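Please prepare a short structural report on the protein shown below, going from its overall make-up to the packing of individual elements.

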Amino acid sequence: MNKRNLYTFLFLCASMIAVIAFSELRKIKTSAGIIQDETQTESEFHIEIQTEQVTEAKSETETETQTDIQTETEAETEAQVNSLDIESETKISMENTLFIGDSRTVGLMEYAKIEGADFFCTVGMNIFDIYDEKVDMPGIGKIRLSELLENKKYDRIYIMLGINELGYPFDQIVRKYNKLVDFVKEKQPETIIFMQANLHVTKPRSDKDKIYNNSNINNLNEVIKGFADGKRIYYLDANTVFDDSEGALRRDMSSDNAHLYARYYVTWGRWIEEQTAKLLNGGE
């Protein structure tokens with residue numbers, strides 16, 4: 001073999017060795033990269049698991065806290081209701097009973113659990129429009145007050161109206177109230193009527209409102225009280241249950257400064273039954 005061929009052979013051998021070495025080095029780097037990627041992925045997986053565990057623990061803690069708060073709230077509500085001066089032992093049937101009124105009476109219908117009574121009431125009802133208004137009564141359908149009183153006999157009728165009328169001249173309100181009471185007496189000559197005082201508003205509402213304030217409400221309630229004769233017509237004033245020391249609706253009992261929270265309608269319903277039983281039993 002001459003020198004030229006020898007050099008060619010050696011060059012080919014060196015090239016083959018270089019190619020083999022480069023290939024092996026690339027495999028080592030690739031393997032190292034895969035191991036690094038797998039290690040990183042596993043680490044991230046553990047982080048996600050830990051995050052889920054923390055989230056679950058937080059969720060369980062929040063649920064327990066919410067349950068505790070709810071339990072405390074229910075307990076406080078029950079304590080507040082029980083602290084009111086209501087003798088729940090006195091029971092009276094509310095069958096053949098009719099309630100006439102506005103949004104507060106709607107609250108009684110929906111939340112007070114007064115079983116057996118009928119309710120002729122709507123939001124915004126007033127003594128000026130009451131004769132023309134048709135009310136959709138459960139189990140009866142849409143009906144006017146005159147039609148209802150002509151077709152069904154009631155033992156007791158409760159009337160609570162006037163808060164929506166306070167913007168009218170006071171003498172007109174009094175005349176319309178007189179007309180309504182006479183109307184009910186004519187249609188139901190044997191029924192016992194309970195005139196309900198309008199509930200007060202809270203002090204903040206009363207202080208800033210020129211119309212819907214407790215002074216105007218008290219003036220109207222005095223007129224309503226005057227209808228009572230202690231024989232066929234009685235007067236009920238639930239403000240004695242819900243007022244604060246300043247003669248205003250307690251702020252913690254109302255969300256809008258005018259209407260009771262739903263849970264206090266139960267208290268009101270119990271109070272109505274209690275007072276009715278006392279009055280019909282000669283005040284015992």
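Which residue follows H2, and what is the sign of its phi? The residue after H2 is Lys113, and its phi is positive, near 60°.

## Basis of the model

This is a predicted model, in which local features need pLDDT of at least 70 and side-chain atom pairs count only at pLDDT 80 or more, whereas totals for chains, interfaces and linings use all residues. Residues are numbered from 1 along each chain as its sequence is written, and side-chain values use heavy atoms, with hydrogens and water left out.

## Overall make-up

The protein has eight helices and seven strands, where helices (H or I, at least four residues) and strands (E, at least two) are DSSP runs numbered from the N terminus. Of its 284 residues, 36% are buried, a term that stands for under 20% relative accessible area, with exposed meaning over 50% and partly exposed in between (1.4 Å probe, protein chains only). Among contacts (heavy atoms within 4.5 Å) between residues at least 6 apart in sequence, 67% join residues at least 24 apart.

## The parallel sheet

Five strands form an open sheet with parallel pairing, in the order E2-E1-E5-E6-E7; two strands pair if DSSP finds at least two bridges between them. E2 and strand E7 (233-236) are the edge strands, each pairing on one side only. Direction ignored, neighbouring strands of this sheet are turned by 20° against each other on average.

At one edge, strand E1 (residues 97-101) runs parallel to E2 and is joined to E2 by four bridges, and Phe99 has Phe119 as its bridge partner in E2. Between these two strands the chain passes through helix H2 (residues 103-111), giving a right-handed β-α-β crossover, that is, one whose path from the first strand over the helix to the second runs clockwise with the strands pointing away from the viewer. Strand E2 (residues 118-121) is covered on both faces, with Asp118 and Phe120 buried on one side and Phe119 and Cys121 buried on the other. At the E7 edge, four bridges join strand E6 (residues 192-196) to E7 in parallel, and Phe194 has Tyr234 as its bridge partner in E7.

## Helices on the sheet

Helix H4 (residues 170-187) packs on the sheet, where it touches E5, E6 and E7, and its direction makes about 165° with that of E5; axes are lines fitted to C-alpha atoms, for helices over the stretch in contact, and angles run from 0 to 180 degrees between N-to-C directions. The buried residues of H6, including Ile217, Leu220 and Ile224, pack against H4, E6, helix H5 (203-208), E7 and helix H7 (239-242).

In H2, the buried residues are Ser103, Arg104, Thr105, Val106, Gly107 and Leu108, and their cover includes E1, E2, E5 and H8.

## The H2–H8 contact

H2 and H8 pack at an angle of about 90°, with their axes 9 Å apart. The two helices H2 and H8 are therefore roughly perpendicular to each other, the class used for angles of 65 to 115 degrees, where under 35 counts as roughly parallel, over 145 as roughly antiparallel and the rest as oblique. On the H2 side, Ser103, Arg104, Gly107, Leu108 and Tyr111 meet Ala262, Tyr265, Val266, Trp268, Gly269 and Ile272 of H8.

Among the buried residues of H8 are Tyr265, Trp268, Gly269 and Ile272. H8 is followed by Gly282, whose phi is positive, near 75°.
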